[in-house]
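Welcome, and thanks for taking a look at this one with us. Below is a short briefing to read alongside the sequence and the structure.

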Amino acid sequence: MHTLSLKAARFATLPNMFYSPVKPEPLNQPYWIAVNETLLDELGMPSETFQTAPNLAYLSGSLAEYQPQPIATVYGGHQFGGYTPRLGDGRALLLGETVDNNGKAWEWQLKGAGKTPYSRFADGRAVLRSSVREYLCSEAMHGLNIPTTRALALIGSNDEVYRETVETAAVVTRIAPGFIRFGHFEYFFYAGREAGLKTLADFVIGHYYPECREAGNSYLALLQIVFERTADTVAAWQSVGFCHGVMNTDNMSILGLTIDYGPFGFMEGYDRRHVCNHSDHEGRYAYHAQPYIAHWNLAALANCFEALVPENKRNDLLEQWPQTFQTAYLKYMRPKLGLLDEHQDDEELIADMFAALQDKKIDFTLFFRRLSAISNAHDDALPAELMALFGDNNPQLFLRWVGRYRQRLRAEKNDDAARKLRMNQVNPLYVLRNYLAQQAIESAKHGDYREIGRLHRCLENPFDERPEFADLAEPAPEWAEGIAVSCSS
């Protein structure tokens, strides 16, 4: 018998119009690929008794009977701007939940465990390629202190799955406080089921945002906190060069989590128009567009609350959100530059810095890391490692910016050594570059999972330099430009 004592998820206490019971489809001869022992420890679960045959069967969808009954939830969503009225968990199912040693509840999902009533014409499976990427990036984002779903285990099988080519199957066990999306509200709103929408809003307030009950209008308070959390998460993405790739409303978490790791990517060379999704031909979800799309998605969510929140209050939130986002963005960007004080010219200083990087396609991650070594003295030579990022380019625009930056540091009496330490605590040295994920995937295809484990150990702490991971801090090689990441998984 498996040792994972899950109880029914709180979501299952909602009326059955919110979900459907499902039976996972078993994998043939499943096997462990990776287990997140750090997360097991956080959950208060002993790692030495986790990788058992019964637990393998349980987390691969291969048990004959599940208790509690797994469910798949129903939602709609705007996909690339167009509304789809019925989406739902097409390849994810909710197993149940556990409570950690701190009393925090965690929902468990299996992603890739077969068809659900919401799979439409899909097979409900996930492939090894996308599952490795989700497993690694969930924990990489957690290491970066960015709100995210978590990945607990990765299980494989030699079962064939058909995408652009024939691939092998995998299942990710992912956990989060909750998986409710903007699209859950849209489903009931566009179906004209206002009672269901109100029930869902009351559920979210009761279980996740109880402080909203103290407000004059608890539904307005709910919208406000979702607006704030979304601003903070997207600002955090921008600060590390992360591109989600598919910011549809059904991929937006009501808890402000990063959710659904499909065609994501961390920028290599800085390009504000960078598009990480091979399928996004119009650049709707480009790096520079992410804040605007978040605003668009929040407008779609606010629209669902027309019966619960007065129109003028919803419009106020939407009008205020750009400033809400900018405040969050500066909260992340000032420390990246080591700035001590808030200044009215901060937005201009940051924008001009990125303008200096744009044409040169300077490595996003390494630029900030190496900028920490600069001195604030006007005539001191710039760090050789920093200038090496510009190669043979003539960085006149950047050099002019450096003069302003140094002047600002001197005005703050910003000590060089202390600033470097601060900057290196917020500017990662290691991120999950696409080519690193691809190398781990290629090894995994041949049954070698060591690189998955190595990347996971490195990305758990992306800020501290460690000699054994020196190769993981290198910019992408030329061959990596050919890596295409699309919605297919």
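## The annotated loop and its surroundings

Asp260 is buried, its relative accessible area being 14%. Please keep in mind that the model you are viewing is a predicted one. The briefing starts with Asp260 and the other positions that come from the UniProt record, then moves on to helix packing, to helix 8 and to some backbone details.

**Positions from the UniProt record**

- Asn251 and Asp260 are listed by UniProt, in an unreviewed entry, under "binding site".
- Asp250 is listed by UniProt under "active site", again from an unreviewed entry.
- As for where to look, Asp260 lies in the loop between strand 11 and strand 12.
- Asn251 is found in the loop that runs between strand 11 (242-243) and strand 12 (265-266), and the loop between strand 11 and strand 12 is also the place of Asp250.

**Burial and contacts of these positions**

- Is Asp250 buried or exposed? Its relative accessibility is 7%, and because buried means under 20%, Asp250 counts as buried.
- Asn251 is buried as well, with a relative accessible area of 12%.
- Which residues does Asp250 touch, once neighbours within four places in sequence are left aside? Its contacts are Tyr75, Gly76, Gly77, His78, Gln79, Leu87, Arg181, Gly183 and Asp260.
- With neighbours within four places in sequence again left aside, Asn251 is in contact with Arg181, His244, Val246, Ile259 and Asp260.
- Arg181 and Asp260 are thus worth displaying together with both residues: they are among the contacts of Asp250, and they are also among the contacts of Asn251.

**Helix 4 against helix 7**

- Helix 4 (residues 182-190) and helix 7 (residues 290-303) have axes that come within 9 Å and cross at roughly 45°.
- The two helices, helix 4 and helix 7, are therefore oblique to each other.
- The crossing in which helix 4 passes helix 7 is left-handed.
- From helix 4, the residues Phe182, Phe185, Glu186, Phe189 and Tyr190 meet Asn297, Leu298, Ala300, Leu301 and Asn303 from helix 7.
- Sorted by class, this contact of helix 4 with helix 7 has 7 nonpolar, 2 polar and 1 charged residues.

**Helix 4 against helix 5**

- At what angle do the axes of helix 4 and helix 5 (residues 194-207) cross? They cross at roughly 155° and come within 8 Å.
- That angle makes helix 4 roughly antiparallel to helix 5.
- On the helix 4 side, His184, Phe185, Phe188 and Phe189 meet Gly196, Leu197, Leu200, Ala201 and Val204 of helix 5.
- The contact of helix 4 with helix 5 divides into 7 nonpolar, 2 polar and no charged residues.
- Phe185 and Phe189 are good residues to highlight here: they are among the helix 4 residues that meet helix 5, and they are also among those that meet helix 7.

**Helix 8 and the residues that follow**

- Arg334 sits in helix 8 (residues 311-336), and Leu330 is found in helix 8 too.
- Arg334 is buried, with a relative accessible area of 13%.
- Not counting residues up to four places away in sequence, Arg334 touches Leu339, Asp341, Glu342, His343 and Asp346.
- Leu330 has a relative accessible area of 8% and is buried.
- With residues up to four places away in sequence not counted, Leu330 touches Pro335, Asp346, Glu347 and Ile350.
- Leu330 and Glu347 are 17 residues apart along the chain, and their C-alpha atoms are separated by 7.5 Å.
- Asp346 is one of the residues touched by Arg334, and it is also one of those touched by Leu330.

**Backbone details to check**

- What kind of peptide bond joins Gln67 and Pro68? The bond is cis, with omega at about 5°.
- Pro68 has its place in the loop between helix 2 (53-59) and strand 3 (71-73).
- Asp260 appears here again: its phi is near 65°, a positive value in a residue other than glycine.
- Arg120 is not a glycine, yet it has a positive phi of about 55°.
- Arg120 belongs to the loop between strand 7 (105-111) and strand 8 (126-127).
- At 54% relative accessibility, Arg120 counts as exposed, whereas Asp260 is buried.

Note on methods
Residues are numbered from 1 along each chain as its sequence is written. This is a predicted model: local features need pLDDT of at least 70, side-chain atom pairs count only at pLDDT 80 or more; totals for chains, interfaces and linings use all residues. Side-chain values use heavy atoms; hydrogens and water are left out. Axes are lines fitted to C-alpha atoms, for helices over the stretch in contact, and angles run from 0 to 180 degrees between N-to-C directions. Angles under 35 degrees count as roughly parallel, over 145 as roughly antiparallel, 65 to 115 as roughly perpendicular and the rest as oblique. A crossing is left-handed if the near helix is turned anticlockwise from the far one by less than a right angle, and right-handed if clockwise. Contact means heavy atoms within 4.5 Å. Ala, Val, Leu, Ile, Met, Phe, Trp, Tyr, Cys and Pro count as nonpolar, Asp, Glu, Lys and Arg as charged, and the others, Gly among them, as polar. Buried means under 20% relative accessible area, exposed over 50%, partly exposed in between (1.4 Å probe, protein chains only). UniProt positions are given in the numbering used here, feature names are shortened, and annotations may be inferred rather than shown by experiment.
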